[in-house]
Amino acid sequence: MTEAKILAVAGKGGVGKTSISAAMVRLLVRAYPDKRILAIDADPAVGLSTALGVDPGTTLDDIRKEITGEVTERTGGVSDILESVKGRLLDAMQHLSGYDFFAIGRPETAGCYCAVNTYLRQVISLLIHDYDYVVVDSEAGIEQVNRRVLEKVTHLIFVSDASKKGTQVIQTVKRVADELVMYERCGAIINRVTDPSVMDFVNTGDIPILAVIGEDAEQTEFDILGKSVFDLPERADILRGTEEALRQMNIL
Ligand SMILES: Nc1ncnc2c1ncn2[C@@H]1O[C@H](COP(=O)(O)OP(=O)(O)O)[C@@H](O)[C@H]1O
Ligand SMILES: [Mg+2]
């Protein structure tokens with residue numbers, strides 16, 4: 001049994017987390033055709049499936065609802081329930097070329113959202129043994145770090161644009177992660193940089209900058225057309241920058 005390298009992408013909303021998560025999946029699939037790779041859309045705002053060009057499929061929240069309906073009739077303990085969640089998830093998740101995928105889904109009420117995050121935390125702990133690489137496109141902001149959903153993450157990739165707000169968010173997330181996440185490596189990708197000279201003003205505090213990615217009109221166009229990351233040309237800056245970041249972390 002191996003322990004997976006679990007990569008989570010965190011940061012403010014709209015900075016490119018989903019695009020970069022999708023780029024990571026593409027790069028890992030290309031680099032490691034024989035490894036077991038899992039992509040998780042952990043953002044209730046959804047998007048990774050579109051970026052990867054796949055159907056969202058059965059979500060973790062769908063499974064949670066099924067199980068919640070049954071649990072009242074069962075006598076088994078918590079670990080029994082978890083095994084059952086894991087089993088169903090492995091059955092329900094999408095097996096795509098070179099990787100598997102599932103989304104946590106979009107629970108309708110706030111209370112359900114906490115519940116699905118608790119499931120996600122447990123499921124990640126169980127799936128560590130079934131995969132070599134896991135990419136988690138996490139929710140914007142601090143919540144999933146705060147709730148220890150990402151506690152097993154080994155590599156934290158902070159994404160920010162060049163804005164002060166963006167870099168402040170990743171520094172806040174990092175401070176909380178230092179307490180609650182057992183990560184081995186972390187670093188930042190600064191995305192959508194229109195002019196390299198702005199980098200003189202970008203301050204990520206104690207987070208090392210792994211790569212800088214430019215504003216890429218093609219990426220925007222792909223997003224508008226709903227095209228997948230697998231159709232992006234090899235030379236796309238988002239692929240180059242994401243690859244550089246993964247190399248810096250010794251993932252590639
Ligand atoms: N380097 C880039 N150049 C141009 N557009 C980008 C770039 N990175 C991301 N985008 C666009 O920015 C928007 C937000 O990106 P997304 O990956 O969904 O961010 P997040 O997941 O952080 O909310 C999308 O329309 C995406 O296509
Ligand atoms: Mg997103």
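This report describes a predicted model of a protein chain with one ligand site, moving from its overall dimensions to its sheet, its helices and the ligand surroundings.

## Overall dimensions

The chain contains nine helices and eight strands. Its radius of gyration is 18 Å, which agrees with the value near 18 Å that a compact globule of 252 residues would have. Taken along the principal axes, the box filled by the C-alpha atoms is roughly 65 × 35 × 35 Å.

## The sheet

The eight strands form an open sheet with mixed pairing, and their order across the sheet is 3-4-2-5-1-6-7-8. The edges are taken by strand 3 (94-96) and strand 8 (209-214), and because each of these has a single partner strand, one side of each is left without a neighbour in the sheet. From one strand to the next, the twist averages 20 degrees.

Within this order, strand 6 (residues 155-160) and strand 7 (residues 185-193) pair in the parallel sense, and six bridges join them. One position of strand 7 can be named in particular, since Ala188 in that strand is the bridge partner of Phe158.

## Helices across the sheet

Two helices can be placed against this part of the sheet. Helix 7 (residues 164-180) lies across strand 1 (5-11), strand 6 and strand 7, and its direction makes an angle of about 160 degrees with strand 6. Helix 9 (residues 237-248) lies across strand 6, strand 7 and strand 8, running at about 175 degrees to strand 8.

## Helix 1 against helix 9

Helix 9 also meets helix 1 (residues 17-31), and the axes of the two helices come within 9 Å and cross at roughly 70 degrees. Angles of 65 to 115 degrees count as roughly perpendicular, so helix 1 is roughly perpendicular to helix 9.

On the helix 1 side the contact involves Ser19, Ile20, Ala23, Met24 and Leu27, which meet Ile238, Leu239, Thr242, Glu243 and Leu246 in helix 9. By residue class, this contact divides into seven nonpolar residues, two polar and one charged.

## Surroundings of ligand 1

Ligand 1 is surrounded by 17 residues, of which the closest are Gly16, Lys17, Thr18, Ser19 and Asp223. Helix 1, strand 7 and helix 8 (217-225) are the elements that give two or more residues to this shell. The shell around ligand 1 divides into three nonpolar, nine polar and five charged residues.

Ser19 belongs to both settings, being listed among the closest residues to ligand 1 and among the helix 1 residues that meet helix 9.

Definitions and conventions:
Residues are numbered from 1 along each chain as its sequence is written. Chains are lettered from A and ligands numbered from 1 in the order in which they are written. This is a predicted model: local features need pLDDT of at least 70, side-chain atom pairs count only at pLDDT 80 or more; totals for chains, interfaces and linings use all residues. Two strands pair if DSSP finds at least two bridges between them. Helices (H or I, at least four residues) and strands (E, at least two) are DSSP runs, numbered from the N terminus. Axes are lines fitted to C-alpha atoms, for helices over the stretch in contact, and angles run from 0 to 180 degrees between N-to-C directions. Two residues are in contact if their C-beta atoms, placed from the backbone, lie within 7 Å. Angles under 35 degrees count as roughly parallel, over 145 as roughly antiparallel, 65 to 115 as roughly perpendicular and the rest as oblique. Ala, Val, Leu, Ile, Met, Phe, Trp, Tyr, Cys and Pro count as nonpolar, Asp, Glu, Lys and Arg as charged, and the others, Gly among them, as polar. A residue is near a molecule or strand if its C-beta atom, placed from the backbone, lies within 6 Å of it. The radius of gyration is taken over C-alpha atoms; the globule rule is 2.2 Å times the number of residues to the power 0.38.
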